[in-house]
Each structure stands twice: as structure tokens, then as C-alpha cells.
Amino acid sequence: MGLEAFLPVAFVIGYLLGSIPFGLVLTKLAGTQDIRSIGSGSIGATNVLRTGRKSLAAGTLLLDALKGTVAVVIAGTIAGPNAAMVAGLGAFLGHLFPVWLKFKGGKGVAVYIGILLGLFWPGAVVFCLLWLATAFTTRYSSLSALVAAFITPIFLWWFGHLALASLFAALTLLLFYAHRENIKRLQSGKESRIGEKA
């Protein structure tokens, strides 16, 4: 199989890894209520935190990030950087729209970081620093993610990583779409702050 012919396979690998709903799996194993019935209804770490189980939220964050990293590393090792980027796109879409959950998944922040870590780790560091700075000053998880995701493609472009900048510009648009309800709540002043129960 040629490298170009592997690209659809890379996308499928990424999608399947990305679609693993770790937040839902961990909370079910821990015996908590269905996280889709609380807060934002998302399966991501921020909503898992609303169960009051910080360890479960941390585990969800780590595993969701790792599935993005693993997807790009596997595809990149087999067929190079283009396959890695395609797998990253697949992982992100798999997380946002998992077939197993009727295409209703998470909002993509941890996976975004994991993909970035696998493709260009300094970008992941910048993203996390921006997230932390915004979260420290505003205590809004969603706003922190939106700010960091908005700046990330600009950072990549500025340092000459044009292909990665294009990929993460697309991922950022998808992330903003996934956060559309958060954006509405931010505008109306009704968004929950970090540590609050929705």
C-alpha cells in the first residue's frame, strides 16, 4: 500500500481511537450518574469534574489527550506526516461525533491538545499556557479553550508550520462549533465557572 493510499486508513484509525468515550467509560465504572444527564451533557473532562470526582476528571483529560497523540504517532510512524495529520483530524471528529453515542460526543479540548502534542509539542505547551492564564483570570474553562484554540493556528503559522496551521485552523472551527452553547452562555453571563456545579 502506497503512502497516499494509506491516508483513508489513517483517518479511520484516528476516528476509531478518537471515538472512545473515556469520560463515559470511567464514570460508569466508578458508579457515578450518567454524565450526559448533568451539566453540559458532554462526555469530556470538564463535565466529568461536575460529578465531584477530580480523579475521574483527570483520568478523562489524560486519556482523551492520549487518544489524539496515539492516533497521530501510529499513522505518522507508518506513513509519515501527512498521514499523521489525517489521523489527527479523524481523532478529533471521532471525539466530537462518535458513532457509538449517536454522534454526540465531547467538545474536543483534550483531544486537540493530544493531537498537537503528537504533531508539534511546543504548540501544545503554548496552548496549555494560554489555557491556564485565561482560566486563572476568568475561571471559565470554555473561554480558556476558545482563546487558546484561536491563537494556536496563528502561532503555528507565525513559526512557518503552514500545513499544521491549516489543520488546526480547521480543528479550531470545529471546536468553536462544539462550544456554540458555551459561547451563548458566556455572552449572556450564564456560563458556569470552574469548580461550580451546573
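Student: Why is the crossing of helix 8 and helix 10 called left-handed or right-handed?
Tutor: A crossing is left-handed if the near helix is turned anticlockwise from the far one by less than a right angle, and right-handed if clockwise. The crossing of these two, helix 8 and helix 10, is left-handed. This is a predicted model, where local features need pLDDT of at least 70 and side-chain atom pairs count only at pLDDT 80 or more. Residues are numbered from 1 along each chain, and side-chain values use heavy atoms, without hydrogens and water.

Student: How do you know how helix 8 is oriented to helix 10?
Tutor: The axes of helix 8 (residues 141-158) and helix 10 (residues 180-188) come within 10 Å and cross at roughly 115 degrees. Angles of 65 to 115 count as roughly perpendicular. So helix 8 is roughly perpendicular to helix 10.

Student: Which residues make the contact of helix 8 and helix 10?
Tutor: Helix 8 brings Ser142, Leu143 and Leu146; helix 10 brings Asn182, Ile183 and Leu186. Contact means heavy atoms within 4.5 Å.

Student: What makes Glu191 and Arg185 a salt bridge?
Tutor: The rule asks for a side-chain nitrogen of Lys or Arg within 4 Å of a carboxyl oxygen of Asp or Glu. Here N to O is 2.8 Å. Therefore the pair Glu191 and Arg185 counts as a salt bridge.

Student: Why is Glu191 called buried, and Arg185 partly exposed?
Tutor: Buried means under 20% relative accessible area, exposed over 50%, partly exposed in between. Glu191 has 8%, so Glu191 is buried. Arg185 has 28%, so Arg185 is partly exposed.

Notes. Axes fitted to C-alpha atoms, helices over the stretch in contact; angles between N-to-C directions. Helix = DSSP H or I, 4+ residues; strand = E, 2+ residues; numbered from the N terminus. Parallel < 35°, antiparallel > 145°, perpendicular 65-115°, else oblique. Buried < 20%, exposed > 50% of the residue type's maximum accessible area, 1.4 Å probe, protein only.
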